[in-house]
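Biologist: I've got the structure up on my screen and I'd like to know what's behind the labels. Can you walk me through them?

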Amino acid sequence: KIAEYYTAAQEQKRYYRHLFETTGASTLIIDEKQLIVDANEETARWGYTKEELIGKPWSHFVAPEELAKLQQNNKRRMQGDISLPDKYETVFIHKSGEKRHAMLYSRLIPNTKQVIISILDIHDYVVAHKQLEEIKQQYEIVTNSITDCIFGLDIQGRYTYLNKAFDEITGYSREDFIGQSFVKKLVPKYQKLLVESFKKSL
């Protein structure tokens, strides 16, 4: 019986190790002293080997401006606070010294004082989103300085953008037209011609 229990325990251990190593995310296990007690191979994405991580305070790899928040969250999680979100955006430090945006998933391991943390690198997405917002703001500054009406349509012919001149020229509010078909306020005799012209442009 003892041998059977031992064999079953070893099989279960190998099973969970396989899951731990194949999550697709950099995954750490943190103990109640805030030390890293285990790490999977995916942590290489951050430039570190498992050996470089295990036994180190996980706070060493968190950007200073994020440290207080994450330490407080981790402390509350260890105390069983279930009101904390399971995921939140933060900033980790790559071995190269580069600060990179990450999505952190954190859960208390049942019946232990350990927390399992999975880290997804979302830095490129965050940077691209910020650049897109900056381009959008620049675009709006330019288009809103033009006295002619400028608009954008999706493939269904619905307004996706209208510049400030639209309000001044038509007397309508742009907000009332976004998402509406461009045919909505057209003079009936021009509707067929403009709809056909729109279809040809697709």
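**What is behind the labels**

Modeller: Sure, let's start with Lys69, which has 38% relative accessibility and so counts as partly exposed. That value falls between the cut-offs of 20% for buried and 50% for exposed. Keep in mind that this is a predicted model.

Biologist: What makes Lys69 and Glu66 a salt bridge?

Modeller: Their closest N and O atoms are 2.9 Å apart, and the cut-off is 4 Å, so the pair qualifies. Lys69 and Glu66 are both in helix 3, three residues apart, or about one turn of the helix.

Biologist: And why is Glu66 called buried?

Modeller: Glu66 has 15% relative accessibility, and buried means under 20%, so the label follows. Other buried residues of helix 3 include Leu70, Asn73, Asn74, Arg77 and Met78.

Biologist: What covers the buried residues of helix 3?

Modeller: The cover includes strand 1 (26-30), strand 3 (87-93), strand 4 (99-108) and strand 5 (115-121).

Biologist: How do you know that the span of helix 3 agrees with what it should be?

Modeller: Helix 3 has 15 residues (64-78), and at 1.5 Å a residue they should span 21 Å. The end C-alpha atoms are 21 Å apart, so the two agree. Just after helix 3, Gly80 takes a positive phi of about 90°.

Biologist: Back to charges. How many salt bridges are there by this rule?

Modeller: Twelve. In one of them, the side chains of Glu21 and Lys50 meet at 3.8 Å, N to O. Glu21 belongs to helix 1 (residues 2-21) and Lys50 to helix 2 (residues 50-53), so the pair ties together parts that are 29 residues apart in sequence.

Biologist: Is Lys50 buried or exposed?

Modeller: Lys50 counts as buried, because its relative accessibility is 18% and the limit is under 20%.

Biologist: What makes Arg100 and Glu98 a salt bridge?

Modeller: Here the closest N and O atoms are 3.2 Å apart, and that is within 4 Å, so the rule is met. Salt bridges that share partners join Glu98, Arg100, Asp121 and Asp124 into one network. Arg100 is buried, because its relative accessible area is 12%, whereas Glu98 at 35% counts as partly exposed.

Biologist: On to the nonpolar side. Which residues touch the most other members of the largest nonpolar core?

Modeller: Trp58 and Phe92, in a core of 19 residues. The elements that give two or more residues to this core are strand 1, strand 2 (36-39), helix 3, strand 3, strand 4 and strand 5. Strand 5 gives the most, with three residues.

Biologist: What is Phe92 in contact with, leaving aside its neighbours within four places in sequence?

Modeller: Among them are Trp46, Trp58, Phe61, Val62, Leu70, Leu104 and Ile119. Phe92 also contacts Glu98 and Arg100, which we met in the salt-bridge network.

Biologist: Phe61 has an aromatic partner, Tyr48. Why is that pair called edge-to-face?

Modeller: The ring centres of Tyr48 and Phe61 are 4.8 Å apart and the planes are at 75°. The centres lie within 6.5 Å and the angle is over 60 degrees, so the pair is edge-to-face. Tyr48 sits in the loop between strand 2 and helix 2, and Phe61 in the loop between helix 2 and helix 3, so the pair ties together parts that are 13 residues apart in sequence. Tyr48 counts as buried at 13% relative accessibility, and Phe61 counts as buried at 11%.

Biologist: Then why is the pair of Phe182 and Phe198 called tilted?

Modeller: Their planes are at 50°, with ring centres 5.3 Å apart. Stacked needs under 30 degrees and edge-to-face over 60, so this pair is tilted. Phe182 is in the loop between helix 5 (164-170) and helix 6 (188-201), with Phe198 in helix 6, 16 residues apart. Phe182 and Phe198 are both buried.

Biologist: One last residue: what makes Thr143 buried?

Modeller: Thr143 has a relative accessible area of 4%, and the limit is under 20%, so buried it is. Thr143 is in helix 4 (residues 123-144). A polar atom of the Thr143 side chain lies 3.3 Å from the backbone oxygen of Glu140.

Definitions and conventions: Residues numbered from 1 in each chain as written. Predicted model: local features only at pLDDT ≥ 70, side-chain atom pairs only at ≥ 80, totals over all residues. Heavy atoms only, no water. Helix = DSSP H or I, 4+ residues; strand = E, 2+ residues; numbered from the N terminus. Expected span 1.5 Å × (residues − 1). Buried < 20%, exposed > 50% of the residue type's maximum accessible area, 1.4 Å probe, protein only. Contact = heavy atoms within 4.5 Å. Core = buried A, V, L, I, M, F, W, Y, C linked by side-chain atoms within 4.5 Å. Polar contact = N/O pair within 3.5 Å; in protein donor to acceptor, adjacent residues only side chain to side chain. Phe/Tyr/Trp six-rings, centres within 6.5 Å; stacked < 30°, edge-to-face > 60°.
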